[in-house]
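Grab a pencil and keep the 3D viewer open. Below are some exercises, each with a solution that goes step by step.

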Amino acid sequence: MKYPGLQGGQLELLSEEEVERIHGAALKVLAEVGVQVDSERYLNLLHDKGAEVDREENRVRLSGDLVRKYLEAVPSEIVLHGRKEAYDLDLADRKVHFGTGGEAVNILDLDSEETRSPVLEDQAKLACLVEGLENVHFYQAPVVPTDVPEEDLSLNSFYASLTGTYKNVQAPATDPDKVEKIVEMAAIIAGGRDKLLERPFISFVTSWMVSPLRLDDETTAVLEKVTDYGIPVALSSAPVTGSTAPASLAGLLVQVHAEELFGLTLSQMFNQGTPVLYGPVPAAANMRNMAYLAGAPETGMMNVGAVQLANFLDVPIYSDAGETDTKIPDTQAGIEAAFNILQVALAGGNYIHHAAGMMESMLSVAYEKFVIDNDVIGMATRVLRGIEVDEESLALEVIENVGPGENFLTEKHTIKQSRSEEFYHPRVFDREDVQAWREEGSKNTRERARERAREILENSPQNLLSEEVDREIRRRFEIYL
């Protein structure tokens, strides 16, 4: 079963007072330190909208009042649509959804088990795989294909993804012109631009801020173009403790919150009411060599704090959990993914990307890890569903009927519960006795997951687009798949 939109919020690592202190400190950073903006166009826009602009330093400072003014325009609820209504995701309150993340530059080959560079076919196959994984709710294009020219990469990644899944597809675009082409292609699939914009089944992610506190002019132009259409967009900012942010967890949260407040303000200056996701992607550094650590518990903790800050603003959040620093789907991979997925889910992250497939500190993915993480997410959703307490679940009558010293094995209540959704039944985790396990070949979890991945891919259609739509897309655009 799919459980998108389960309620989080059971876990809070920051008190209300601490959230307010971080928010106040972030406003102070924006008002006193500011953000570096090198584009004359954006310096002028920000000045015209009420920001303080220092042209000698190319520094923009925002007052608290100005930030609060534009925060009022940010939608507190966003729906990410699928091409099937069953895949619509309601990003409101603390409703939780899980999906993939990008952009990995390596992939473990499903047949050879060797690491190689990903190709466009992988993007399409991974989309097919995710379509068959019931606990993975959205598809952010996970890999960077190396067999497509850079100028055609954005559109082809969206195309390959849309051939494989009906779930919401998210990816970046390299420039504003590519946004226009991606929207045009999606409109062909939707049956017209009006229909697409009514139910956009694509969304974008923009890494528009270079931490610490510097606007990326080119990616900001992409953000501006996306806001023209009113298509949902995530504002991704990814500082790391001790390198691109203060070494303390709270210090990083102050900085990334300031960056996100700047992005929320700027997006509403572009187009008031445009749907944007508050998108911190904080991470811890290995303090021995300053390498990025995706699976550290502190990374999960900062993401929990980020969820609380988003809730304080009453805006949807693009959360991060599920990566590992190991290079294969091993024990470490499972522990790190499960630990942080459960943390951020219980906090109430709305759009938890990187929750399936990602390894090697976000540099690689493996087909089988998507399958393994589908079970990890399934277990996390079971925790989110909580314990139902009603007359039937209290089981007073059956306790009375069985009495002391007997057992419940043959009771109708037991049979009914065993067939219900009271218990999560994993797809590839082993729960059999040792004899049954040996008779099945003594396979480990990774081997079973590889078999499951092949099974899904072998039984999936090669292209979910109709022949007519596919021909029209190929007539208008250079498609490499």
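**Exercise 1. Find out whether E134 is buried or exposed, then look for its side-chain partner.**

Solution. Keep in mind that you are looking at a predicted model.
- Step 1: The relative accessible area of E134 is 15%. The cut-off for buried is under 20%, so E134 counts as buried.
- Step 2: Now place E134 in the chain: the loop between α4 and β10 is where you'll find it.
- Step 3: Follow the side chain of E134, and you arrive at the side chain of R427, with a polar contact of 3.3 Å between them.

**Exercise 2. Do the burial check again for E421, and compare its distance from R382 in sequence and in space.**

Solution.
- Step 1: E421 belongs to the loop between α15 (412-418) and α16 (434-439).
- Step 2: Its relative accessibility is 35%. Buried ends at 20% and exposed begins over 50%, so E421 is partly exposed.
- Step 3: Along the sequence, E421 and R382 are 39 residues apart, while in space their C-alpha atoms are 9.0 Å apart.

**Exercise 3. Work out how the rings of F138, Y318 and Y351 are arranged.**

Solution. A pair of aromatic rings is described by the distance of the centres and the angle of the planes.
- Step 1: Count first: the structure has 4 aromatic pairs.
- Step 2: Take F138 and Y351. Their ring centres are 3.7 Å apart and the planes meet at 15°, so this pair is stacked.
- Step 3: Ask what the pair connects. F138 sits in the loop between α4 (120-131) and β10 (139-140), and Y351 in strand β20 (residues 351-353), so parts 213 residues apart in sequence are tied together.
- Step 4: Check burial: both F138 and Y351 are buried.
- Step 5: Move on to Y318 and Y351, another stacked pair, with 5.6 Å from centre to centre and 15° between the planes. Y318 is in strand β19 (residues 318-320) and Y351 in strand β20, so this pair ties together parts 33 residues apart in sequence. Y318 is buried too, as is Y351.
- Step 6: Put the pieces together: F138, Y318 and Y351 make one aromatic cluster.

**Exercise 4. Which residues of helix α2 are buried, and what covers them?**

Solution. An α-helix has 3.6 residues a turn, so residues three or four places apart point the same way.
- Step 1: List the buried residues of α2 (residues 40-48): Y42, L43, L45 and L46.
- Step 2: Look down the axis. These residues span an arc of only 165°, which puts them on the same side of α2.
- Step 3: See what lies over them: the cover includes β3 (52-54), β4 (59-61), β14 (214-215), α8 (217-229) and α9.
- Step 4: Inspect both ends. At the start of α2, a side-chain oxygen of S39 comes to within 3.3 Å of the backbone nitrogen of R41. After α2 comes G50, with a positive phi near 110°.

**Exercise 5. Explore the largest nonpolar core, using F262 as your way in.**

Solution.
- Step 1: This core has 123 residues, and F98, L129, F204, F262 and I473 touch the most other members.
- Step 2: Helix α9 (residues 249-270) is the top contributor, giving 11 residues.
- Step 3: Set aside the neighbours of F262 within four places in sequence, and its contacts are L30, V35, V37, L46, V60, L62, W208, M209 and L215. You have met L46 already, as one of the buried residues of α2.
- Step 4: Look for another core apart from this one: it has 11 residues, including I78, L89, L91 and L277.

**Exercise 6. Hunt for backbone oddities around β13 and β14 and elsewhere.**

Solution. Most residues other than glycine have a negative phi, and most peptide bonds are trans.
- Step 1: Go to the loop between β13 (209-210) and β14, where P212 is placed. The peptide bond from S211 to P212 is cis, with omega near 0°.
- Step 2: L213 is in that loop between β13 and β14 as well. L213 isn't a glycine, yet its phi is positive, about 60°. With a relative accessible area of 14%, L213 is buried.
- Step 3: Try the loop between β3 and β4, where N58 is found. N58 has a positive phi of about 55° and is not a glycine either.
- Step 4: Finish with E103, in the loop between β7 (95-98) and β8 (106-108). The peptide bond from G102 to E103 is cis, with omega near 0°.

Technical notes. Residues numbered from 1 in each chain as written. Predicted model: local features only at pLDDT ≥ 70, side-chain atom pairs only at ≥ 80, totals over all residues. Heavy atoms only, no water. Core = buried A, V, L, I, M, F, W, Y, C linked by side-chain atoms within 4.5 Å. Buried < 20%, exposed > 50% of the residue type's maximum accessible area, 1.4 Å probe, protein only. Helix = DSSP H or I, 4+ residues; strand = E, 2+ residues; numbered from the N terminus. Contact = heavy atoms within 4.5 Å. Phe/Tyr/Trp six-rings, centres within 6.5 Å; stacked < 30°, edge-to-face > 60°. Arc of directions from axis to C-beta. Polar contact = N/O pair within 3.5 Å; in protein donor to acceptor, adjacent residues only side chain to side chain.
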